[in-house]
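User: I would like to go through this model by question and answer, with the reasoning set out before each result. Could we begin with its overall division and then turn to the ligands and individual residues?

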Amino acid sequence: MAKITIDGKPMEVADGTNVLEACLSNSVHLEHFCYHPYLPVAGNCRTCMVEIEGPKGPMLTIGCNTKVAEGMVIHTDTPKAKTAQKSALEMLLLDHPLDCPVCDKAGECKLQNQYMEYGLYDFRRGVPRYFKGGKAEDIGEHVMLDQERCVLCTRCIRFVDEIPKSSELGIVSRGHESKITIFPDVRLDNAYSGNVTDICPVGALTLKEFRFKQRVWFLKKAESVCHGCARGCNITVEHNRGRIYRFMPRENAELNKTWICDEGRFSFNYFQENRLEEVRLGHATSNLSDGIAQLANLLKDLSPDDVAGIASPTGALEDLYVMKKLFEKRFRLKNLAAPFWGKPGDEDKILKLADKTPNTQGLNLLGFDTEGKDLLSRIEKGEFKVVLIAHNNPFGQDEERAKKVFAKVKALIVLSVHKTKTVEAGSMAFPVRTFIEKNGTFVNATSRLQRFRQAVEPENPDIVEASLWMVRLAKALGATGFDFEDSPSVFNAMAKEVGALQGLTFNKIPATGKVLDLKPLAAEPFPGVKAQPNVSGKAKV
Ligand code: SF4
Ligand code: SF4
Ligand code: FES
């Protein structure tokens, strides 16, 4: 640790920390554009100017490229430092178009924010503004470039060089003519391209899928976890009036840093389209109370051995726990399994994993049979009268096999988010909530228990969490021990029973998750890449 002084306050920071990080991690506000906690330092925007005392008196220097040293005395707020910061900002704004009213970055733009904080000066340029040209250039499947808004911070270049290592972007020309561009005959189409729009501090790089859709100040944000694969990258679900407009990465220094893949980023529409909106009993639509009553009536005359259950790694831990409890108490636990019909997807050496479900480790934690070979062959032999399928879609993923397996079942009861082929094949179908519409937890492939918060409420009150649907069925069947009101109360009860969750409550799960004592299914991403000292979770990126 090094003992230093910032603006007269003594403090200790880790050796190797740079002056900007030392300020940010000690709540000293120092602006910056080109610095990013998970990219190499470039030191080109000069907005992080500070004065550091030396043998020849205080010297102006940039904070992001100066490492702290024992006894260092740093000033961020002297007249000289403030003038330097303000001048760097004025320089960046010289040729910047006044696009704020029509720019998608407005409301979360570092340049706009800094001008409001440090600028507010009269425009002093005596000659016409230099136009870099290039408005709304289509440079990739998802990304548009508005060249004249670019402040040449090179964050986007460093990102494509360092993370996907695809290097599509570079700077051409010299001096005030310098501009960012893609190489000839190259498109910005790597699998992580959307991240450049998050880290671009201005509105130069924007997402086609978000442009002109919504002003950012109208968006509400819910802390969540990507559902796209077993990595479980941290995200925020951003929504307004019940509609999801984007998934954004949420910083987790130990997991996804501040990155997510495009597949996960653009998966939000999947949860808003083709939804199963009503209870179906045969070919008729119904409501939840009547549906549960009819199902309970059917089940009450059957033996507990007549019912099989099929769960899924796409269900939340709470859904799986209550389903398991229902089978323990009312049917037979040996007749419950979670075979998933989906095929492995593509994976890479960055974040993406081949397992495209979010909670395989949740199944392992709760001791589910994830292959279910024995159960499927018993269903196929006609041993069961009723099969209850939750969050799984066997007919959509391997229809021929599913037809064979379920041919002899009298009643197929389906809990589903979407209108699927399994719903069509079902005798009764009940709509359930997506992870966006409920609170819950998943365990990712590196055994990190992670919490997601509800973003939106479905319009139809009959669309409930699968866990609470099971609670209603259990109560209708007269089973006891199902006094759960919501997912957090289910989690809290589960944590008392499951060894690896001991001592946790839903609200005590850290925002970046907790690694459980459970053999991981995959290695941590970014081996060897460490969070910048003292900055993670605090720096504005
Ligand atoms: S496009 Fe954005 S991220 Fe890239 S250099 Fe310009 S301002 Fe920086
Ligand atoms: S790597 Fe997986 S969890 Fe992460 S954003 Fe992509 S799909 Fe989502
Ligand atoms: S020079 Fe330090 S943040 Fe840009």
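User: What are the bounds of domain 1, domain 2 and domain 3 in the domain assignment of the protein?

Analyst: The model is a predicted one, and the bounds are those of the domain assignment rather than a reading of the coordinates by eye. Going along the chain, that assignment gives domain 1 as 2–93, domain 2 as 131–271 and domain 3 as 279–515.

User: How far apart do the C-alpha centres of domain 1 and domain 3 lie?

Analyst: Domain 1 covers 2–93 and domain 3 covers 279–515 in the assignment. Taking the C-alpha centre of each of these two domains, the separation is 52 Å.

User: Which residues come nearest to ligand 1, and how does the shell around ligand 1 divide into nonpolar, polar and charged residues?

Analyst: There are 13 residues around ligand 1, and those that come nearest are Cys150, Cys153, Cys156, Cys200 and Ala204. Sorted by residue class, the shell around ligand 1 holds eleven nonpolar, one polar and one charged.

User: Which residues are closest to ligand 2, and how does the shell around ligand 2 divide?

Analyst: Ligand 2 is likewise surrounded by 13 residues, the closest being Cys226, Gly228, Cys229, Cys233 and Gly264. By class, the residues of the shell around ligand 2 comprise six nonpolar, four polar and three charged.

User: Is Thr154 buried or exposed?

Analyst: Thr154 sits in the loop between β7 (143–145) and α4 (155–162), and its phi is near 65°, a positive value in a residue other than glycine. A residue counts as buried when 20 or more other C-beta atoms lie within 10 Å of its own. Because Thr154 has 23 C-beta neighbours inside 10 Å, it is classed as buried.

User: Is Asn274 buried or exposed?

Analyst: Asn274 lies in the loop between α6 (262–265) and β14 (279–281), and although it is not a glycine, it has a positive phi of about 55°. The limit for an exposed residue is 12 or fewer such neighbours. Since Asn274 has 11 C-beta neighbours inside 10 Å, it counts as exposed.

User: What is the orientation of α7 to α14?

Analyst: The axes of helix α7 (residues 288–300) and helix α14 (residues 466–476) come within 9 Å and cross at roughly 50°. That angle therefore makes α7 oblique to α14. As for handedness, α7 passes α14 in a crossing that is right-handed, and the orientation asked for is oblique.

Note on methods
Residues numbered from 1 in each chain as written. Chains lettered and ligands numbered in written order. Predicted model: local features only at pLDDT ≥ 70, side-chain atom pairs only at ≥ 80, totals over all residues. Near = placed C-beta within 6 Å. Nonpolar A, V, L, I, M, F, W, Y, C, P; charged D, E, K, R; others polar. Axes fitted to C-alpha atoms, helices over the stretch in contact; angles between N-to-C directions. Helix = DSSP H or I, 4+ residues; strand = E, 2+ residues; numbered from the N terminus. Parallel < 35°, antiparallel > 145°, perpendicular 65-115°, else oblique. Left-handed = near helix turned anticlockwise from the far one by under 90°.
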